[in-house]
Each structure stands twice: as structure tokens, then as C-alpha cells.
Amino acid sequence: MNYLQGPVIGIETSCDETSVGIVTGKTVLANVISSQSEKHREWGGVVPEAAARMHAELFLPVLKSALQEADISLHDLVGIGVTNRPGLVGALSVGLSGAKALACALKIPFIGVNHLEAHILSPFIDSSFTHPHVCLLVSGGHTELILVRRPGEYSKLGGTIDDAAGEAFDKAARTLGLGYPGGPAIEKAAVGGDPDKYPLPRGLREPTFDFSFAGIKTAVARTVEQYAENLDISSLAASFQTAVTSVLAERTLAAARESAVEQITLVGGVASNNELRNRMAQLASKQNIQVTIPHHRLCTDNGAMIAHAASWRIAIGELSSLDLEASAKSPLP
Ligand code: KG4
Ligand code: ZN
């Protein structure tokens, strides 16, 4: 991939992380992430209006920390990227307004970044490999299997027909009384649990590259009701984690075989789950398929992945105008 020469800033405010990253090509100079999850935990999930207000409070302090971490000044920047889609429109608008203000003041190129593309390209930040490959994008809002022919050329192979994988973790955690965000809470609770104690369904049967997590979620709720105070929460968390991660890993490997590719990437917040990372690596090594998973900090929402995608898009000649809007939904480019 070609990149803009010099530091590019990336601003991410699509959900409940206020983040500013700075990269020069593949080198991350700063990646400051201020999570609002403590606050949203009190309400049991992300409250869009509150998220937008907190982004407005956090934006300037996070920007200042990122510049300090990178040891540069605003005037050293050569480009600006900002997530403008998909996400919570009020939350996105805060980052977008900040980015536009910087672009006006600094008179440097500015581009709106598709959040999903930034996740898809994130493995290129800390590794090098060739195309094409199959990418499993698993986050709070998305679960998609994508054939990446090259950066910018994507075909969807399959996706969830109901909940996203991260959403399933969040809902199951709420049912188990483990709080928000559910993924890390379930991963922690599952330690020492017996994943075979409460057998759970696996959703859609193969052959398909689609996913369904609604049945697993309902089975968790039913098990909680059935066992009441005798429930072994740790084992149910482990059973849930195993059910979800095994479907994700098996289907991704099947998609790689079907697409005749030798490389898989795993991206998005759920990609920071260690059981998923290990399961994917073990299955793939048996089939001589290489797996690339970004560092944990590049899996959940972060500004560095936005800066990285922006640096590439600006380098290939793309720019956005200052009347760019935020949008809740967006297909891949
Ligand atoms: O990519 P991301 O930070 O935000 C979106 O673009 O949605 O993903 C957030 C999702 C949440 O649903 C969260 O529960 C899940 O990623 N997640 C995890 C883990 N860490 C975050 N799921 C499973 N295991 C984890 N360790
Ligand atoms: Zn994300």
C-alpha cells in the first residue's frame, strides 16, 4: 500500500470510544483511546445522546494527548482522516466537526473514512502480506465475511442474519449480569468455566457463509431461567464463548477454502477475544492458511486505524469536501 509521506491524524467518534491516532504510513506515532464504557455501563448500553456529549468533552483533551504522544505539533500534520460512516450520527458529527475545523485551520487534505474499511485495513498496520484474503470483521455492529481482493476492492461473502457477534456478547453478558461491554466481561468470567457444561446451539448449519446468533442468545436466557440460583455463570460464559467463536472460526476457514485464498485476517472489537484468536490460528495452521490479527489495541475502535486508512486513500488521490455529512449506514466502498 502507498501512503502519504508524513504524519496523518485519524479521528474516531462513531460509538463510545473517543480516539485520535497519528500515523506515518504503517508507523503508529500515537493512538489515544478514551473509552466512555464506564459511563454507559451504568445505563446498560450505549446511550447515543450521552455518547455525543461525551465526545464533545473528550475531543480536545484526546487530541492534545495524541499530539504529545507523537511528539509533534498540529503544523506537522499532512492529512486528516475522520470516521464519517457508519455509526451513531450524533457521535460521528462531533468528530466530523472537529476534523473540518482542523482542515480549515491547517489547509491540509481531509477525508471521510468508512469505519468498516478502516477495520478491514487494520492488519496492514503491523504486518505485511499479499492479497487476496478473506477477512472476518466482527464488531458491535457488524459480522461480515469479506473477500478482500486488494485495498478498496471488497466482496461480501456472508454476514449475520440477526445480531452482530459483539452485540451477541453484549446481550449475553447483560443476561448473565456481567455488565457492559459484554465481550471482555464474558471472556473474563469464562476463565476456569467448563465450556461443555451447558451445550448451546450453533446457529445456521453449513453450507452457508452467513451467521445467526439469536438462537444462542435465547438458549443462554433459557439456561439462566432454568438453573436460577444454581447456575454456574463461569461455565455458561465459557459455553457461550465457545459456541460463538467456533462458528466464527469454522465458517471463516470454510470461506477461505471456497475462495481458494491462503490468508485470513480477523478484525474488529471481537477480534480481541483470545479464544477466537487461538481457535482461528489452530484451525488455520492445520490447513496451511496464514492468519493475521492486529494487536488488541488496533482491534477495538481506535484513531490509528482511521489515520492509516486515510493516509492510503489520500495517497491514491481521494479527498472529501467540507460539506461531507455523517451517515448511520454505509456499504463498503
Ligand atoms: O469494533 P468495536 O470496538 O466497535 C464497533 O465498531 O462496534 O467493537 C465493539 C464490540 C463490543 O460488542 C464488545 O463487546 C466486543 O467488541 N468486544 C469483545 C471483546 N472486546 C470487545 N468481544 C469478545 N471478546 C472480547 N475480548
Ligand atoms: Zn469498530
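This is a guided tour of one protein chain, stop by stop, for use with the structure open in a viewer.

The model is a predicted one, in which local features need pLDDT of at least 70 and side-chain atom pairs count only at pLDDT 80 or more, while totals for chains, interfaces and linings use all residues. Residues are numbered from 1 along each chain as its sequence is written, chains are lettered from A and ligands numbered from 1 in the order in which they are written, and side-chain values use heavy atoms, with hydrogens and water left out.

**The whole chain**

Begin with the full chain in cartoon view, where the secondary structure comes to twelve helices and ten strands; helices (H or I, at least four residues) and strands (E, at least two) are DSSP runs, numbered from the N terminus. The radius of gyration, taken over C-alpha atoms, is 20 Å, close to the 20 Å that the globule rule gives for 333 residues, so the chain is as compact as a globular protein of that length; the rule itself is 2.2 Å times the number of residues to the power 0.38. Along its principal axes the C-alpha trace spans about 60 × 45 × 30 Å. Of the 333 residues, 55% count as buried, where buried means under 20% relative accessible area, exposed over 50%, and partly exposed in between (1.4 Å probe, protein chains only).

**Helix α6**

Next, select residues 165–175, which form helix α6, and show the side chains of its buried residues, A165, G166, A168, F169, D170, A172 and A173. Adding β6 (133–138), β7 (143–150), α7 (182–189) and α9 (233–259) to the selection brings in elements that are among the cover of these buried residues, with contact meaning heavy atoms within 4.5 Å. Moving on past the helix, α6 is followed by G177, whose phi is positive, near 70°. In the loop between α6 and α7 lies P181, and the peptide bond that leads to P181 from Y180 is cis, with omega near -5°.

**M280 in helix α10**

Now select M280, which belongs to helix α10 (residues 274–286) and is buried, with a relative accessible area of 0%. Leaving aside residues up to four places away in sequence, M280 touches L136, L248, A249, T252, L253, L266 and V291. A useful distance to draw here runs from M280 to Q290, ten residues apart in sequence and 9.7 Å apart in space, C-alpha to C-alpha.

**Loops with unusual backbone angles**

From α10, go on to N288, in the loop between α10 and β10 (290–292), where phi is near 60°, a positive value in a residue other than glycine; N288 counts as exposed at 70% relative accessibility. K107, in the loop between α3 and β5 (110–114), is another non-glycine residue with a positive phi, near 55°, and K107 is likewise exposed, at 71% relative accessibility. Select P86 as well, in the loop between β4 (79–85) and α3 (89–106), since a cis peptide bond joins R85 and P86, with omega about -25°.

**The cysteines**

Finish with the cysteines: the structure holds zero disulfides, a disulfide being a pair of cysteine sulfur atoms within 2.5 Å. C15 is in no disulfide, and the nearest cysteine sulfur, that of C299, is 16 Å away. C15 is partly exposed, with a relative accessible area of 25%, and C104 also counts as partly exposed, at 44% relative accessibility.
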